[in-house]
Amino acid sequence: MEAFVVSPRRSQACGLLCALLGGLVACSGEIGSSGSNPDPGVGGAGPPSPGAVDPGTKGIHRLNSAEYNNTVGDVLGTRLQPANASWLTGEIGGFDNIAAVLDVDEEQYGRYFDSAGAIADDVFAAPDLKSRVMVCATEDTGCVQSIIRTTGRRLFRRPLDNDEVGTYQKVYTAAKKLGETHEGSVKQVLRALLSSGEFIFRIENDARPNTLDRHPLGAFELAARLSYFLWSSAPDDALLDAAADNSLLTDAKLIASVDRMLGDPVKSTRLVENFVGQWLGARKLPEHSANPMIFSDWSPALATTLTKEMYLYFGDFLKNDRTWMDFMKADVNFVDDAVAKLYGITAGTPGATTPQRVEVTTDQRFGFAGLGGFLALSSLADRTSPTTRGRWILGNLMCQEPPAPPKGVPDLGGVTGLDLTKSIRVALEEHRKNASCAACHSIFDGFGLALENFDAIGRFRTAYPDGSSIDARAEVSGASFEGLSGLADYVSQDPRFSTCVTQTMFKYSLGRLVTAEDAPALDKIKERWLQGTPSLRRLVQSLVLADTFRSRHGAN
C-alpha cells in the first residue's frame, strides 16, 4: 500500500502522535504494512474446480461514510459519527460502496486523522468504552501487547503480525518517554491504529497481483466481505473467531453466519437501509417535494414515514423469508395515522408513533408499486409522470436501462399545450406520434400508465381533477394489462425481475461493478437461488457461496 504522508500544513494537527511515531510509521511512512499476510485462511478453500467461473477482482476498498461510522461504533462503542457530508464520497452504478470510486486524497486523510483523535478521546473519557480497549490493567509489555493485538484485530479485521505489534509497541513506549501515563500512551496507540491504512481500507491480498491467477480469499478477508455486505461494518468477535479456526471457509459455517447476522435486529437493518435506500431510492424520499398548492397533505413527516415503510416492506421479505415473486403483490403496508389517512385505511394502532404492519385486502393498494413512497418518488412535484414511473420500473426492477431521449425533443407540455394534470394519456399519445420517441416509450410508458390510479403522492383516485375518468389500461412491448394488478403480474412473471435483483445485490455485495465476465457466475447464482423458495435470505446465501464472493484474482 502507498504510505500516507502528512504534509507540512497538517504537521501542527499531527501534534503528539507524529512526535511519538518519530518518522517510523506515520508522518513519513505507513502505519501497518499490507505486504505481510497473517491470514491463516489464505489458500484454505482449495484449488479452482474445472470450468470455474471468473471471480473477478477489485481494488482496495476505502471505508465509505456509513461503513466508517458503523465500524468505530460497533468496535469501540463511540456514539460519534465523524463521517459527515464534508467527507469525500463516491458513487457509481447506483451505490456508494463501489471500491473503484472510493478514493482518498490528502484532505480526506486529514479528516481520518483528526477523527482518530476525537474518537480516542471519546473512548477514554467513558469507562465503559475504555474497558473495550484496556483489556488488562498492568503496564508490562505483555499487557500492552495484548491490548494492541486485541484492539488491532478488531479494527484491522485480522490478527496483527509481530512486526505490526512491535510498531505500535514503539508508539506506546515513545508516549511514555514523553510523559504520558499508561492510559494516555494506550490512547495514542488507539489513535495510531485508527489512522492506519489497514483500518481505513479493506485490503485483500493477491500473491501474484499482476496475473489473473484465481485464488481463494483468506478466512479473515472473507469475514470482512461478509460483514460489510450484511452489516456495513467490521466483523464481530464471533465472525473473527470463525475466521481464526478456518471454519468460516466451510459452506455450513458460512451459511450459519449469514443466518446469525441477518438475525441481528440492529445491524441487519443496515443491509436494508443501505441497499434498498440506494437501489429502490428510499434515501431520496425525505428530500422529495410536492407542490403544496396541489398536495397539501405532503409534509416532511409524511415523507419520513413513507421512507420507513419502504424499508419495512423490504425487511418483511428479508425477515420472514417471503418469496421474491410476491414483492410486487404482497398486500402489506406499514402505516401511522398520516399514512393511513393518505391510503384511506385505518391504522393498526391509531396514534402509534411508529409505523404499524397492516394487511388490508379491501382497498386497491398492494405490492411495492403500491407504496406511497415509490409512487411519490417517481412523480413530479405537481403531477404524475407515467414516463418517469415506467423508466424507473424498467431500469431498477428489470435492469434494462432505457436509452436517453433524443436531443431537441420537447417535453410533453411543449408538444401538446395540454394541462397535464388532466390529460396525461392524451399527451403521451400525441408525444409518441414522433417516430423518434415512439420506439423507446413503447417499452416503458405502459408501466406508468397502469399506475395512473395513484396520484403524485400515492393517493388512490378514480378520476383526474377535471372529473375525467382514469384509464389504467397499458401495453408494453406488445403485451396488454391493466392497473396495478396487471402491472404486478407482468413484472413478477418477467425473467428480468429475478435476474435484476440477483445482479443488483451481486454488485452491492462485492462493492464492484458487474462485468460481462460475470454472466456465468450470475447464471449459477440465480439457478441456485431458484432451486428452492426464492427468498431474499436464500439469495444472500447463494451470493456468498459463489466463487465470486469467496475468490478473486489480481488486476493484471
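Is Trp324 buried or exposed? Select this residue to begin the tour of what is a predicted model. At a relative accessibility of 1%, Trp324 falls under the 20% limit and therefore counts as buried.

**Aromatic pairs**

Keep Trp324 displayed and add Phe327, which is also buried, its relative accessible area being 0%. Across the whole structure, a search returns 29 aromatic pairs. In the pair formed by Trp324 and Phe327, the ring centres are 4.2 Å apart and the planes meet at 20°, so the two rings are stacked. Two numbers suffice for this description, since a pair of aromatic rings is characterised by the distance of the centres and the angle of the planes.

**Charges over rings**

Next, select Phe317 and Arg322. The charged end of Arg322 is placed over the ring of Phe317, at 5.2 Å from the ring centre. Then move to Tyr343 and Arg365. Here Arg365 lies over the face of the tyrosine, 3.8 Å from the centre of the ring.

**A loop residue**

Select Glu359, found in the loop that runs between strand 5 (356-358) and helix 15 (372-377). Its relative accessible area is 51%, so Glu359 is classed as exposed, the threshold being over 50%. Add Asn333 to the selection: Glu359 and this residue are separated by 26 residues in sequence, while their C-alpha atoms are 6.4 Å apart in space.

**The hairpin of strands 6 and 7**

Display residues 473-476, which form strand 6, together with residues 479-482, which form strand 7; the two pair in the antiparallel sense over four bridges. At one end of the ladder, select Arg473, which stands opposite Glu482 of strand 7. Val476 has Ala479 of strand 7 as its bridge partner. Two residues lie between the strands of this hairpin, and Ser477 adopts a positive phi near 50°.

Now colour strand 6 by face. Which residues make up its covered face, and which its uncovered one? Ala474 and Val476 are on the covered face, whereas Arg473 and Glu475 are on the uncovered face. The general pattern is that side chains in a regular strand alternate between the two faces of the sheet.

**The largest pocket**

Select Gln278, Trp279, Lys284, Trp392 and Asn396, the residues nearest the centre of the largest pocket, which has 27 lining residues. The volume of this pocket is about 700 Å³. Extend the display to helix 12 (269-279), helix 16 (386-397) and helix 22 (495-510), each of which supplies at least two lining residues. Helix 16 makes the largest contribution to the lining, with five residues. Colouring the lining by class gives eight nonpolar, 12 polar and seven charged residues.

**The second largest cavity**

How many cavities of 30 Å³ or more does the structure hold? There are five. For the final stop, choose the second largest cavity, with a volume of about 60 Å³. Its lining includes Asn64, Ala66, Glu67, Asp96, Asn97 and Tyr228, and the selection is completed by Ser232, Asn274, Gln278, Arg283 and Tyr508. Helix 2 (65-76) and helix 12 are the elements that give two or more residues to this lining. By class, the lining of the second largest cavity comprises three nonpolar, five polar and three charged residues. Leave Gln278 selected at the end: this residue lines the second largest cavity and is also among those nearest the centre of the largest pocket.

Definitions and conventions:
Residues are numbered from 1 along each chain as its sequence is written. This is a predicted model: local features need pLDDT of at least 70, side-chain atom pairs count only at pLDDT 80 or more; totals for chains, interfaces and linings use all residues. Side-chain values use heavy atoms; hydrogens and water are left out. On a 1 Å grid over the protein atoms alone, a cavity is a set of points where a 1.4 Å probe fits but cannot get out, and a pocket is an open set with protein on both sides within 12 Å along at least five of seven lines; lining residues have an atom within 4 Å of a point. Grid points are joined across faces, edges and corners, and a volume is the space filled by probe spheres set on the points. Ala, Val, Leu, Ile, Met, Phe, Trp, Tyr, Cys and Pro count as nonpolar, Asp, Glu, Lys and Arg as charged, and the others, Gly among them, as polar. Two strands pair if DSSP finds at least two bridges between them. Rings of Phe, Tyr and Trp (its six-membered ring) pair if their centres lie within 6.5 Å; planes under 30 degrees apart count as stacked, over 60 as edge-to-face and the rest as tilted. Buried means under 20% relative accessible area, exposed over 50%, partly exposed in between (1.4 Å probe, protein chains only). A charge sits over a ring if NZ of Lys or CZ of Arg is within 6 Å of the ring centre and within 35 degrees of the ring normal.
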